[in-house]
Amino acid sequence: WEAASHMPFSRARIGSFFQERSVLRNPFLEDTLLRGYLRRHLPQEAALSDLCAFGERVVNEVDEWGRECEVTPPRLVHFDPWGCRVDHIVTSPAWKRMKDLSAQEGLVAIGYERSFGEWSRVYQMSKLYIFSPSSGLYTCPLAMTDGAAKVIQSIGASWPVDEAYSRLTTRQPERFWTSGQWMTERQGGSDVGSGTETVAVPQSDGSYKLHGFKWFTSATDADMTLTLARVQDTTGATTTGSRGLSLFYAEVSRDEGGRLRGIEVQRLKDKLGTRQMPTAELLLDGLPAHRLSEEGRGVASIANMLTITRIHNSVSAAAAMRRVVQLARDYATRRSAFGKLLKDHPLHMQTLARMEVETRGAFLLVMDVCRLLGREESGMATQLDTHLLRLLTPVVKLYTGKQAVAVVSEGLESFGGQGYIEDTGLPGLLRDAQVLSIWEGTTNVLSLDVLRCVARSSGMVLHAYFTHVKSLLAGASSVSSLAPAVNTVDGALSELQKFVEVAATRAPTYLELAARDLAYSLARIYTGALLIDHACWKGASPSDTYAALRWCEQDLCPVVTKQAKGCYDPSTPPLDAALVYD
Ligand code: UCC
Ligand code: FAD
């Protein structure tokens with residue numbers, strides 16, 4: 001026994017070294033760029049102190065609830081003990097607390113109260129940005145709730161959706177409703193025009209009953225939903241394609257027997273991530289509904305919802321990057337390897353600095369789109385703002401969705417093996433990031449949306465883009481420390497402009513092949529200009545300049561690089577196919 005007590009390892013002893021964990025601190029105070037951006041654009045004390053207090057709440061209260069949502073995922077109870085079909089989606093107490101918190105904190109309401117005028121959306125999204133990585137994915141129902149409120153507001157919040165609008169945008173927890181967004185069916189989530197089989201049968205009172213099968217419905221514990229269906233005529237016929245789709249509003253309610261009215265929950269999805277949140281397959285069997293759009297205008301009418309949810313998606317993407325960087329840089333002050341702390345290894349710092357640059361770029365791009373949304377909603381938007389908002393919404397969603405996966409993955413690696421261990425909470429960040437490029441439009445589908453809006457505006461959205469980037473650069477022309485970045489962005493912009501002129505004369509397949517690289521080029525150039533612009537602000541720090549310079553070291557205009565290599569020539573599609581199926 002005497003000898004064993006001096007042994008560092010024995011049955012009762014597992015060694016004296018235990019690694020200190022990384023500590024989450026107030027995400028508002030820890031984020032210099034967020035605070036700088038707000039000091040520049042929204043310096044009102046009321047907003048800043050609310051964000052700071054909310055940051056404390058996130059650390060001290062909410063983060064633990066988010067964890068609880070992750071480890072207590074929802075489950076589906078099909079039958080009650082007596083065999084009656086009930087289809088109860090049982091969620092954790094923490095998930096329910098998130099709903100109350102969301103109302104109290106005004107996470108949707110702020111966007112509609114507009115207390116900060118054109119900056120109200122920036123304020124709201126800053127709050128969601130602080131909340132998102134700790135929210136147990138509650139940001140998903142909030143995104144759809146915000147999107148539904150936006151659709152209702154745009155068509156007019158009168159009967160039958162007046163009550164819904166007031167509930168979606170309230171701060172009173174007991175009145176607060178969330179909304180679903182049921183678009184995807186088995187045949188198509190991207191191509192909803194061809195994929196939607198759900199039919200709407202007109203009722204004598206002017207309402208409808210929906211019959212169909214919705215293949216993915218997230219946060220299915222929602223109180224209401226917006227959805228798409230085809231109106232049947234008196235012979236039972238419907239119009240095919242997108243032109244046959246109309247937009248419907250339905251409440252999720254139960255009859256006296258406790259059964260869902262017109263809905264059966266087929267099953268909950270078994271998902272890679274987003275496990276905190278129920279995602280269900282739903283059979284609609286006579287779901288009572290009201291048509292909100294003109295017949296055949298369903299896709300165009302739900303587009304407002306898509307804009308909002310895509311912006312929320314981008315906020316969550318930037319927030320995931322920020323969270324992993326925040327934790328990784330803290331960890332680097334606690335973990336030693338090869339005789340010194342990780343923070344003192346230049347190569348490790350270079351890795352974290354690259355993540356930081358990506359995160360800063362994503363943040364500024366996201367916030368700029370929120371700024372544009374706020375301007376549009378407060379009646380301040382110029383034609384240029386409106387064009388930019390339309391163009392940049394798919395761009396920011398697709399770019400940040402992809403970058404979130406890359407940055408979060410790198411972030412996990414910076415914890416070594418611990419980054420792979422479930423109960424650190426880190427793997428969940430990566431699993432949840434992976435969905436950001438899939439739902440709300442995949443990367444390719446959104447790249448094609450960029451082409452769609454360019455074509456439908458006869459190039460006006462691109463004109464707005466070029467004009468705005470040039471104006472951002474003009475403000476930096478006399479700042480010598482930024483000259484390399486300004487020159488690079490300026491050069492890339494000219495190349496892009498030439499590409500657009502040439503591409504306009506080519507066959508549609510040419511543009512289709514270039515779509516993703518075009519979207520990336522739009523994202524990188526615009527973000528470069530935003531980083532430069534932010535670095536010119538009088539309150540900026542040398543790190544802001546450094547971030548802009550580093551961002552501009554990458555290929556800012558991949559569409560031109562690839563074009564020069566013949567990547568979009570008519571010969572490539574058959575070669576691509578032959579390669580894939582070799
Ligand atoms: O995934 C989902 C929910 C996930 C959970 C929520 C997470 C939120 C974030 C949380 C963060 C943690 S819901 C399912 C989402 N599904 C999609 O996003 C569908 C993806 N597919 C597309 O976006 C396609 O491009 C379609 C469905 C829009 C294509 O449909 P069409 O019918 O072929 O499109 P058309 O014919 O080109 O356009 C029809 C009309 C046109 O208007 P008009 O007729 O006036 O010319 C278009 O200009 O719709 C208009 N339109 C748009 N308008 C189409 N897309 C847009 C747009 N993005 N903005 C404005
Ligand atoms: P597909 O459309 O079959 O796409 C397959 C692949 O083909 C993709 O890579 C896509 O980019 C590519 N592709 C498709 N068309 C083209 C093209 N023209 N050119 C080039 N490439 C193309 N939906 C809802 O409606 N409501 C929800 O609440 C909801 N929640 C979800 C939750 C989760 C966790 C997930 C994973 C999905 C959810 N979805 C929801 C569905 C989601 O929106 C769709 O999965 C998504 O839009 C893609 O549709 P799809 O699955 O049919 O893929």
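Which side chain has an N or O atom 2.6 Å from an oxygen atom of ligand 2, that of Ser190 or that of Asp449? In this predicted model, the side chain is that of Ser190. A second pair at 2.6 Å joins an oxygen atom of ligand 2 to an N or O atom in the side chain of Thr442. The backbone also takes part: a nitrogen atom of ligand 2 lies 3.1 Å from a backbone N or O atom of Phe216. The accessible area of ligand 2 taken alone is 970 Å², and 65% of that area is buried by the protein. Strand 5 (179-182), strand 7 and helix 14 are the elements that give two or more residues to the shell around ligand 2.

The shell around ligand 2 holds 21 residues, of which Gln181, Thr184, Ser190, Ser218 and Thr442 come nearest. By class, eight of the shell residues are nonpolar, 11 are polar and two are charged. Ligand 2 lies between domain 2 (179-299) and domain 3 (442-582), because both domains give residues to its shell.

Ligand 1 is surrounded by 27 residues, and those that come nearest are Ser190, Ser242, Arg297, Arg310 and Arg452. Ser190 is thus listed among the nearest residues for ligand 1 and for ligand 2. Two arginine side chains make polar approaches to oxygen atoms of ligand 1. For Arg310, an N or O atom of the side chain is 2.9 Å from an oxygen atom of the ligand. For Arg452, a polar side-chain atom is 2.8 Å from an oxygen atom of the ligand. A nitrogen atom of ligand 1 is also placed 3.3 Å from an N or O atom in the side chain of Asp449. Ligand 1 exposes 1,200 Å² when taken alone, and the protein buries 80% of this area. Two or more residues of the shell around ligand 1 come from each of helix 7 (139-155), helix 10 and helix 14 (443-456). Helix 10 gives the most, with eight residues. The shell around ligand 1 divides into 11 nonpolar, nine polar and seven charged residues.

Strand 7 (residues 208-218), one of the elements that contribute to the shell around ligand 2, includes Thr217. Thr217 has a relative accessibility of 0% and therefore counts as buried. Apart from neighbours within four places in sequence, the residues in contact with Thr217 are Trp182, Pro278, Thr279, Ala280 and Leu282.

Helix 13 (residues 426-433) is largely enclosed by the rest of the structure, because seven of its eight residues are buried. The buried residues are Leu426, Pro427, Gly428, Leu429, Arg431, Asp432 and Ala433. These buried residues pack against helix 3 (45-71), helix 10 (298-331) and helix 12 (383-413). Helix 10 therefore appears in two settings, as a packing partner of helix 13 and as a source of residues for the shell around ligand 1.

Several backbone features were also identified. The peptide bond that joins Trp159 and Pro160 is cis, with omega of about 10°. Pro160 belongs to the loop between helix 7 and helix 8 (162-168). Positive phi values occur in residues other than glycine at Asp87, where phi is near 50°, and at Arg114, where phi is near 55°. Asp87 is found in strand 4 (residues 85-90), and Arg114 in the loop between helix 5 (109-113) and helix 6 (120-131). With a relative accessible area of 3%, Asp87 is buried, whereas Arg114, at 26%, is partly exposed.

Pro43 is placed in the loop between helix 2 (32-41) and helix 3. The relative accessibility of Pro43 is 49%, so the residue counts as partly exposed. Once neighbours within four places in sequence are left aside, Pro43 is in contact with Leu38 and Leu48. Pro43 and Met321 are separated by 278 residues in sequence, and their C-alpha atoms are 25 Å apart in space.

Methods. Residues are numbered from 1 along each chain as its sequence is written. Chains are lettered from A and ligands numbered from 1 in the order in which they are written. This is a predicted model: local features need pLDDT of at least 70, side-chain atom pairs count only at pLDDT 80 or more; totals for chains, interfaces and linings use all residues. Side-chain values use heavy atoms; hydrogens and water are left out. Buried means under 20% relative accessible area, exposed over 50%, partly exposed in between (1.4 Å probe, protein chains only). Helices (H or I, at least four residues) and strands (E, at least two) are DSSP runs, numbered from the N terminus. Contact means heavy atoms within 4.5 Å. A residue is near a molecule or strand if one of its heavy atoms lies within 4 Å of it. A polar contact is a pair of N or O atoms within 3.5 Å; within protein, one must be able to donate a hydrogen and the other to accept it, and residues adjacent in sequence count only if both atoms are side-chain atoms. Accessible areas come from the Shrake-Rupley method with a 1.4 Å probe; for residues, only the protein chains shown count as cover. Ala, Val, Leu, Ile, Met, Phe, Trp, Tyr, Cys and Pro count as nonpolar, Asp, Glu, Lys and Arg as charged, and the others, Gly among them, as polar. Domain bounds come from an automatic or database domain assignment.
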